[in-house]
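This report is written for a reader who meets the structure for the first time. Please keep the sequence and the three-dimensional view at hand while reading.

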Amino acid sequence: MLLKGKFAVISGAAGVRGIGFATARTFVEQGARVAILDLDADGARRAAAELGPDHLGIGCNVTNKADCERAVAQVISAFGRIDILINNAGITQAIKVWDIDEANWDRIQDVNLKGVLFLSQAVMPHMRAAKSGSIACMSSVSAQRGGGILGGAHYSAAKAGVLGLAKAMARELGGDGVRVNCVTPGLIQTDINAGKISDEKRTEILAGIPLNRLGVPQDVANVFLFLASDLSAYLTGNTIDVNGGMLI
Ligand code: NAD
């Protein structure tokens, strides 16, 4: 049991077919108690109930600082501590760069990037006081290759921003025993892209993946497990690709 006695917060885990829920289930299997924070409050409660009676589902909009603080306070009053934060909530939009307007830009930056800052800030005082903690943030291969799959340029920019934010947090929090790392998944089959990939596009994408398959949520959950656990005790400011070899 890699996470026995640990308390984890995972954002964006209300959808049971998503990466966040696969991560929550994996953490529970490894002994953790989990709090799912999601914009979809009912979904978060249902997902937590599916994990068992010891877990929490809380409505939280990660773009709202006060909402993040309220949700984290709720977790602390139930769990007493937070050892792990998985910043997983995110949205995408397939759009060409010439069509992105200010509202599109702001929405994508707010959820994917500002949300990582606000939720991390809400959890930080508890981890710093405990002199330990692991924060893992969701970026994307889109940050590394400039999109080209489903997200627009604003999504690539936000996910690239996550890499810089995570490195800066890793540098500043290291002295307090708090580690911060990122994952950069390739194309993972979830609701975010369900029904949006034509057979032709799928064939084209597979041709660029040496392992010759799309990813599944468990592929990413396993890496979050590594980053959350003491197996990665000497890793901070790192980024782990989970993409089947797409960037070789
Ligand atoms: P998903 O749609 O199942 O998960 C996203 C979750 O985020 C949803 O539960 C949604 O309700 C929640 N959410 C959206 N806005 C929110 C907000 N403002 N506050 C709180 N929660 C909010 O899709 P997924 O594929 O599991 O995505 C999880 C993460 O992985 C996202 O950050 C996504 O950008 C990233 N990602 C996905 C892929 C992929 O191919 N699926 C690849 C790389 C990165």
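## Strand 6 and its surroundings

In this predicted model, strand 6 is largely enclosed by the rest of the structure, because eight of its eight residues are buried. A residue counts as buried when 20 or more other C-beta atoms lie within 10 Å of its own. The burial applies to both faces of strand 6. On one side stand Val 178, Val 180, Cys 182 and Thr 184, and on the other Arg 179, Asn 181, Val 183 and Pro 185.

Strand 6 covers residues 178-185 and runs parallel to strand 7, to which it is joined by four bridges. Two positions illustrate this pairing: Val 183 is opposite Ile 240 of strand 7, and Pro 185 is opposite Val 242 of strand 7. Strand 6 is also joined to strand 5 by six bridges, again with the two strands running parallel. Here Ile 135 has Val 180 of strand 6 as its bridge partner.

## The sheet as a whole

These strands belong to an open sheet of seven strands with parallel pairing, in the order 3-2-1-4-5-6-7. The edges are formed by strand 3 (56-59) and strand 7 (239-242); each has a single partner strand, so one side of each is left without a neighbour in the sheet. On average, neighbouring strands of this sheet are turned by 20° against each other, direction ignored. In general, the strands of a sheet pair through backbone hydrogen bonds, either parallel or antiparallel.

At the strand 3 edge, strand 2 and strand 3 pair in the parallel sense over four bridges. Leu 37 has Ile 58 of strand 3 as its bridge partner. Strand 2, helix 2 (residues 41-51) and strand 3 together make a right-handed β-α-β unit.

## Strand 4 and its neighbours

Strand 4 is joined to strand 1 by three bridges, and the two run parallel. Ala 8 stands opposite Ile 84 of strand 4. Strand 4 also pairs with strand 5 (residues 133-138), in the parallel sense and over four bridges. The bridge partner of Ile 84 in strand 5 is Ser 134. From strand 4 the chain passes through helix 4 to strand 5, in a right-handed β-α-β crossover.

The residues of strand 4 point in two directions: Ile 84 and Ile 86 one way, Leu 85 and Asn 87 the other, and all are buried. Helix 1 (residues 19-29) lies across strand 1 (7-11), strand 2 (33-38) and strand 4 (84-87). Relative to strand 1, helix 1 runs at about 170°.

## The shell around the ligand

The ligand is surrounded by 30 residues, the closest of which are Gly 12, Gly 18, Gly 90, Thr 190 and Ile 192. By character, the residues of this shell divide into 13 nonpolar, 14 polar and three charged. Two helices that also appear in the description of the sheet take part: helix 1 and helix 4 (102-130) each supply at least two residues of the shell.

## Loop residues with positive phi

Lys 131 lies in the loop between helix 4 and strand 5. Although Lys 131 is not a glycine, its phi is positive, at about 60°. Lys 131 counts as exposed because it has 10 C-beta neighbours inside 10 Å, and the cut-off for an exposed residue is 12 or fewer.

Asn 212 is found in the loop between helix 7 (199-207) and helix 8 (217-228). Its phi is near 60°, a positive value in a residue other than glycine. With 9 C-beta neighbours inside 10 Å, Asn 212 counts as exposed.

## Two positions in helix 3

Gln 74 lies in helix 3 (residues 65-79) and is partly exposed, with 16 other C-beta atoms within 10 Å. From C-alpha to C-alpha, Gln 74 and Val 28 are 19 Å apart in space, and they are 46 residues apart in sequence.

Ala 73 also lies in helix 3, and it is exposed, with 12 other C-beta atoms within 10 Å. Ala 73 and Arg 202 are 129 residues apart in sequence and 43 Å apart in space, C-alpha to C-alpha.

Technical notes. Residues numbered from 1 in each chain as written. Predicted model: local features only at pLDDT ≥ 70, side-chain atom pairs only at ≥ 80, totals over all residues. Pairing = 2+ DSSP bridges. Axes fitted to C-alpha atoms, helices over the stretch in contact; angles between N-to-C directions. Contact = placed C-beta atoms within 7 Å. Near = placed C-beta within 6 Å. Nonpolar A, V, L, I, M, F, W, Y, C, P; charged D, E, K, R; others polar. Right-handed = clockwise from strand over helix to strand, strands pointing away.
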